[in-house]
Amino acid sequence: MNQFIGLKDGGSLNYNLYSEENSDKGTIIFIHGLTGNKFQLTKYINEYKNEYQIIAVDLRGRGDSSVQLADSSIETHAKDIIEVIDSLQLKRVILFGYSMGAYISQKIAGDHSSVQRVILLDGGGHVDEEGKKMVYPSLGRMEHVYPSCENYIEATANVYKNLKVTVDPLVIQAIQYECKKKEDGYGNLSNPELIKQDFDSFYLYDVEKSARKNDKPTLLITGEGNLSDRPLFTKSNYKALLKEANIQVILTNENHYELAFNLQSDLLGNINDFLKGEFSNEK
C-alpha cells in the first residue's frame with residue numbers, strides 16, 4: 001500500500017507499507033542505496049513480508065518523496081527515518097539498509113531505542129578515493145534526457161546487465177518507477193549534484209563512533225565480487241565494524257549490485273536465522 005508521511009520541515013517521504021497485520025511481530029524498515037528507490041530491495045521484502053510489517057521508503061530526492069534538502073547527507077536522511085519511526089509509533093524496529101541505507105541504519109541504531117536489530121547490506125564502512133571513482137560515473141543516467149521511458153529503461157537495464165544483474169520484472173519495476181517526465185523528455189528526476197553530495201557525506205561519516213554507539217545485534221553482509229578490478233567496499237573498509245562484538249558477518253562472492261537485485265536464496269535463509277537469533281558468525 002502506497003503511503004505518504006509529512007515531515008516537520010514541510011517535506012514528505014513516500015513509502016510502501018506491507019503486511020500491517022504483522023506489526024505486533026515487528027517492523028522491518030528497508031532503506032535503499034544512493035541512487036535507488038523503495039523497489040530496489042523487493043526480493044528481500046517478498047521474503048519477509050509474511051512474517052513482519054514492512055516499510056520500504058523513498059529517501060528524499062528519490063521516487064515520489066520530496067526533493068532533497070540543501071544540506072542533504074546521511075545525517076539528514078537518518079533524521080527523516082527517525083521521524084517516521086516516531087510518527088508511526090513503531091516499537092520493535094529492524095533496520096535493513098543497503099549501501100547508503102546501511103550508513104543511515106547504523107546511525108539510527110545508535111540514536112533510537114526502538115531499534116532492535118540491524119542488517120547492513122554492503123555498506124557502513126570507510127570509503128576510499130577509489131570508491132568515488134567507481135560511483136561518480138554511474139550517476140550519469142540522472143543527467144541524461146531520453147525520448148521515452150522505454151529508452152530510459154533499456155539504457156539503465158543494459159548498465160545493470162554489465163554489472164551482472166539479472167534484469168527480471170522486479171528489476172524493471174525499480175527502473176520504471178524512477179523514470180519521470182522531464183522538461184524536454186524523460187529520465188530520472190533526482191538532482192545529480194545533491195546525490196553526489198550524499199555520497200560525499202560518506203567521507204564525513206564517523207564510522208568508528210557510529211559502530212560504537214550501535215549496540216544492537218547487527219548483521220553485516222559484504223559483497224566481495226569485483227565491479228571493475230575490486231569490490232566497491234573491500235574488507236579493509238570494514239575494519240572498524242569487524243572489531244565490534246555485536247556485529248556478525250556474512251562474506252559473499254557477489255558484487256555490490258548483485259546483492260541488491262539478484263535473488264540470494266542462501267542469504268535469505270541466513271538473514272532469517274539472524275532475525276530469529278540463530279545465526280552463526282563468519283568473522
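What is the order of the eight strands in the open sheet, and what pairing do they show? In this predicted model, the strands follow the order β1-β2-β4-β3-β5-β6-β9-β10, and the pairing is mixed. The edges are formed by β1 (2-6) and β10 (247-252), each of which pairs on one side only. On average, neighbouring strands of this sheet are turned by 20° against each other, direction ignored.

## Strand β3 and its neighbours

Strand β3 comprises residues 27-31, and five of its five residues are buried. In a regular strand the side chains alternate between the two faces of the sheet. In β3 both faces are covered: Thr27, Ile29 and Ile31 are buried on one side, and Ile28 and Phe30 are buried on the other.

On one flank, β3 is joined by four bridges to strand β4 (residues 53-57), and the two run parallel. Within this pairing, Thr27 stands opposite Gln53 of β4. The connection belongs to a right-handed β-α-β unit made by β3, α1 and β4. Five bridges join β3 to β5, again in a parallel arrangement. Here Phe30 has Phe96 of β5 opposite it.

Further along the sheet, strand β6 (residues 115-121) runs parallel to strand β9 (residues 218-223), with four bridges between them. The bridge partner of Ile119 in β9 is Leu219.

## Aromatic contacts

The model contains 13 aromatic pairs. One of them joins Tyr44 and Phe96 in a tilted geometry, with 5.1 Å from centre to centre and 50° between the planes. Because Tyr44 lies in helix α1 (residues 42-48) and Phe96 in strand β5 (residues 93-98), this pair ties together parts that are 52 residues apart in sequence. Both Tyr44 and Phe96 are buried. Phe96 therefore appears in two settings: it stands opposite Phe30 of β3 in the sheet, and its ring pairs with that of Tyr44, which lies in α1.

Ring pairs also link Tyr103, Tyr136, Phe199, Phe202, Tyr203, Tyr205, Phe233 and Tyr238 into a cluster. Two members of this cluster have a lysine over the ring. Lys132 lies over the face of Tyr203, at 5.0 Å from the ring centre. The charged end of Lys196 sits over the ring of Tyr136, 5.3 Å from its centre.

## Helix α11

Which residues of helix α11 (residues 265-275) are buried? Among its residues, Leu267, Leu268, Ile271, Phe274 and Leu275 are buried. These positions lie on the same side of α11, because they cover an arc of only 120° around the axis. The general background is that an α-helix has 3.6 residues a turn, so residues three or four places apart point the same way. After α11 comes Gly277, whose phi is positive, near 80°.

## Loop residues

Several residues in loops deserve separate mention. Most residues other than glycine have a negative phi. Gln89 has a positive phi of about 55° although it is not a glycine, and Asp122, also a residue other than glycine, has a positive phi near 50°. Gln89 is placed in the loop between α2 (74-87) and β5, while Asp122 lies in the loop between β6 and α4.

The accessibility of four loop residues is set out below.

| Residue | Relative accessible area | Class |
|---|---|---|
| Gln89 | 61% | exposed |
| Asp122 | 0% | buried |
| Val145 | 39% | partly exposed |
| Asn246 | 16% | buried |

Why is Asn246 counted as buried? Its relative accessible area is 16%, and buried means under 20%. Asn246 lies in the loop between α9 (239-242) and β10. Asn246 and His112 are 134 residues apart in sequence and 16 Å apart in space, C-alpha to C-alpha.

Val145 occupies the loop between α4 (129-135) and α5 (149-162). From C-alpha to C-alpha, Val145 and Gly187 are 5.5 Å apart in space, with their positions 42 residues apart in sequence numbering.

Notes: Residues numbered from 1 in each chain as written. Predicted model: local features only at pLDDT ≥ 70, side-chain atom pairs only at ≥ 80, totals over all residues. Heavy atoms only, no water. Phe/Tyr/Trp six-rings, centres within 6.5 Å; stacked < 30°, edge-to-face > 60°. Buried < 20%, exposed > 50% of the residue type's maximum accessible area, 1.4 Å probe, protein only. Lys NZ or Arg CZ within 6 Å of the ring centre and 35° of its normal. Arc of directions from axis to C-beta. Pairing = 2+ DSSP bridges. Right-handed = clockwise from strand over helix to strand, strands pointing away. Axes fitted to C-alpha atoms, helices over the stretch in contact; angles between N-to-C directions.
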